[in-house]
Amino acid sequence: MENFSGWFHDILENADITDSRYPIKGMSVWRPYGFQIRRATLNIFRDLMDKEHDETLFPLLIPEAELAKEGIHVKGFEDEVYWVTHGGQTELNEKLAIRPTSETAMYPMFALWVRSHIDLPIKQYQVVNTFRYETKHTRPLIRVREITTFAEAHTVHSSTEEAAEQVETGIELYKKFFDGLGIAYLISKRPVWDKFPGAEYTMAFDTIMPDGKTLQIGTVHNLGQTFAHTFEITFENKEGNHEYAYQTCYGISDRVIAAAIAAHGDEKGLQLPPEISPKQITIIPIIFKDGGEEVMTKCNEIKDALESKGIRVQMDTRDIRPGKKFFDWELKGTPLRFELGPRDLNNNVAIIGRRDTGEKIEVSLDDNITQKVSDLLAEVEESMKANSWAKQEEKIVTLDSLDNVSDIVDEGKVVKFYWCGDEECGKAIEEETGVDILGINEEDIETDKVCPHCGKPVKHLALMAKTY
Ligand code: PR8
C-alpha cells in the first residue's frame, strides 16, 4: 500500500464506516455499516470480559475536586480535559470534568464499597465514551477527541501479588481478543517516562500499521497503592489490620477497529475477519431471463440453511450487474461470496469466492454447503491471522548499532535492540535519534552484548518505532 494514510481515510468513507465531516474536530459519526462492525467487535470483547468481570456504568462527569486529588494523574491529563462550567445560564459552583478516563470517577465509590478483605477482589469494566482534548493531529478512530468505544477495566485486590497476576490476566485477555481479530501485536513494558499517569508500570500492545508506524491498541497498568492512598481505599485484612488496596486498570478503544481495518485491508478495500464482519457470506443469485425462479429458490434454501447454523448471511438481489455486486462486497470486506446462476444449477454446482485469497471454489450442491462454509470461515480467519503476523515479522529488524535507526524507521521498519533499560540513556537515545523507545519487549535475557548507546551490560530487548 503506497499511501496508507490516504487509503485509510478513503476506506472509512467508501465502505460507510465513519463520516468525519461532523463539525467538531476529532469527532466523527459511526455510520450503520461501521456501527455493525463496532457492535460485533464489542460482542466478542464482552464475551471475554464477562468471564472475569462485572460490567458497570459510571457517570460521565467528575467533580473537579476528585479529579484534582491524585497529583500525578491530574498532571498527566491537565491539558486534555474538557470542562463543564455552566448549567444553562448559571455558572456551576464547582466545575465538572468530562471523563478523560474513569479512575477518579470510580475510585471514590470503590472506597465506599471496600471495607474488608471479603469485599475483594473487585473486577469491573465499562464501555463508554471518554473525551480527551488531543493536541496532536487527530485522525478518525486512531486519535480522536471523543473516544466512542473506551472499554476500561478496573480491579481492586488485597495483595500486590494478586494485582501483578491481574496484570498478566489482562494481558492474556487482550491477546485472545486481538487473536480473534487476527491483529498482530507487540507487547512491551513502557519506559518509565511513558507510563500511564499514576501507574507503577504500564504494559502496552502495539500493532505495526502498513506504513511501519506503530499504533498503541491497548494498555494494562499496575497502579500499585497510589490511587488507594489518594482515595482512601482500605480494607481490614484477615489479621484485623487496615491496609491500602492494590489496583490495576486496563483499556482499549476505537483503535482496535482501526487496527483490524489496517491489518487486513488491501487495494480492493476492507477485508473483515469473519468474527466481526456484519455479514459473513453474500449470496449473489445470477439471474438471466430464464431460470431465475429456480435459482432464487435454491439461494433462499441455502440462506436458510446457513442462518440456521448461526452464519450471518445476506442476499444481494439488487437489479444491477453481478460484477458491480462483487465489487461492492469486496469493498465492504465480506469474507465469502456464494454465486449461483441457471447454468450452475443445471450442473448442480455453485461457486464460493474467498475475499482474502481471491480463490474461487466450485462446490457440488449435493455437498453439505453449510459445513463447507463454516470450514471456509474458520480457514479464512486462520489465514488472515497468519498473514498479519507474517507481515509484522517482515517489518521488524534487530540492530546492534543505533547509527542509522532513524533512516531504518523511515523505511517503515520497527527496530529491536539490546538496551540497558536505564532512564537517562533511553531519553538520550530518543533525543539523539528522534525515534521513540516503545518499551522493553523481552526482559532478563542472557547475553554478553552491551548497550549500543552507553556501553553498559544489557539484559533487555527493546523496541523503537515511529508512533501514531
Ligand atoms: C487508561 N484507564 O486510560 P490509556 N483516541 C483513540 N484511542 C485512544 C486515545 C485517543 N485519543 N487515547 C488513548 N486511546 C487507563 C486504562 C482506564 C483504562 C486508547 O489508559 O490512557 C489507547 O489504545 O493508555 C490506549 O491504550 C487506551 O485507549 C487506554 O488509554
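Reader: A polar contact here is a pair of N or O atoms within 3.5 Å. On that footing, how far is the polar side-chain atom of Thr219 from an oxygen atom of the ligand?

Author: The distance is 2.7 Å. Bear in mind that this is a predicted model.

Reader: And which ligand atom does the side chain of Ser253 face, at what distance?

Author: An N or O atom in the Ser253 side chain is 2.8 Å from a nitrogen atom of the ligand. Val144 also has a pair with a ligand nitrogen, at 2.9 Å, but there the protein atom is a backbone N or O.

Reader: How much of the ligand does the protein bury?

Author: The protein buries 96% of the 600 Å² that the ligand exposes when taken alone.

Reader: Which residues come nearest?

Author: Glu103, Glu134, Gln216, Thr219 and Ser253, out of 22 residues around the ligand. By class, that shell has six charged, eight polar and eight nonpolar residues.

Reader: Which strand gives the largest share of the shell?

Author: β11, with five residues. This strand spans 214–224, and β8 (146–157) and β14 (246–252) also supply at least two shell residues each.

Reader: Changing topic. How is the chain divided into domains?

Author: Domain 1 covers 4–264, domain 2 covers 281–377 and domain 3 covers 396–465. Between domain 1 and domain 3, the C-alpha centres are 28 Å apart. Their contact involves 17 residues of domain 3 and 13 residues of domain 1.

Reader: What area is buried between those two?

Author: About 1200 Å², with 65% of it from carbon and sulfur atoms. On the domain 1 side, Leu186, Lys189 and Trp193 lose the most area to domain 3, and together they make up 47% of what that side buries.

Reader: Now the backbone. Is the peptide bond from Leu120 to Pro121 cis or trans?

Author: The bond is cis, and its omega is near 0°. Pro121 sits in the loop that runs between α5 (103–113) and β7 (122–131).

Reader: And Asp16, is its phi positive or negative?

Author: Positive, near 60°, and Asp16 is not a glycine. Asp16 is placed in the loop between α1 (4–14) and β1 (18–19).

Reader: Why point out those two?

Author: Because most peptide bonds are trans, and most residues other than glycine have a negative phi.

Notes:
Residues numbered from 1 in each chain as written. Predicted model: local features only at pLDDT ≥ 70, side-chain atom pairs only at ≥ 80, totals over all residues. Heavy atoms only, no water. Near = heavy atom within 4 Å. Polar contact = N/O pair within 3.5 Å; in protein donor to acceptor, adjacent residues only side chain to side chain. Areas by Shrake-Rupley, 256 points an atom, 1.4 Å probe, with all protein chains shown as cover. Helix = DSSP H or I, 4+ residues; strand = E, 2+ residues; numbered from the N terminus. Nonpolar A, V, L, I, M, F, W, Y, C, P; charged D, E, K, R; others polar. Domains from an automatic or database assignment. Contact = heavy atoms within 4.5 Å. Buried area = accessible area lost by both parts, 1.4 Å probe.
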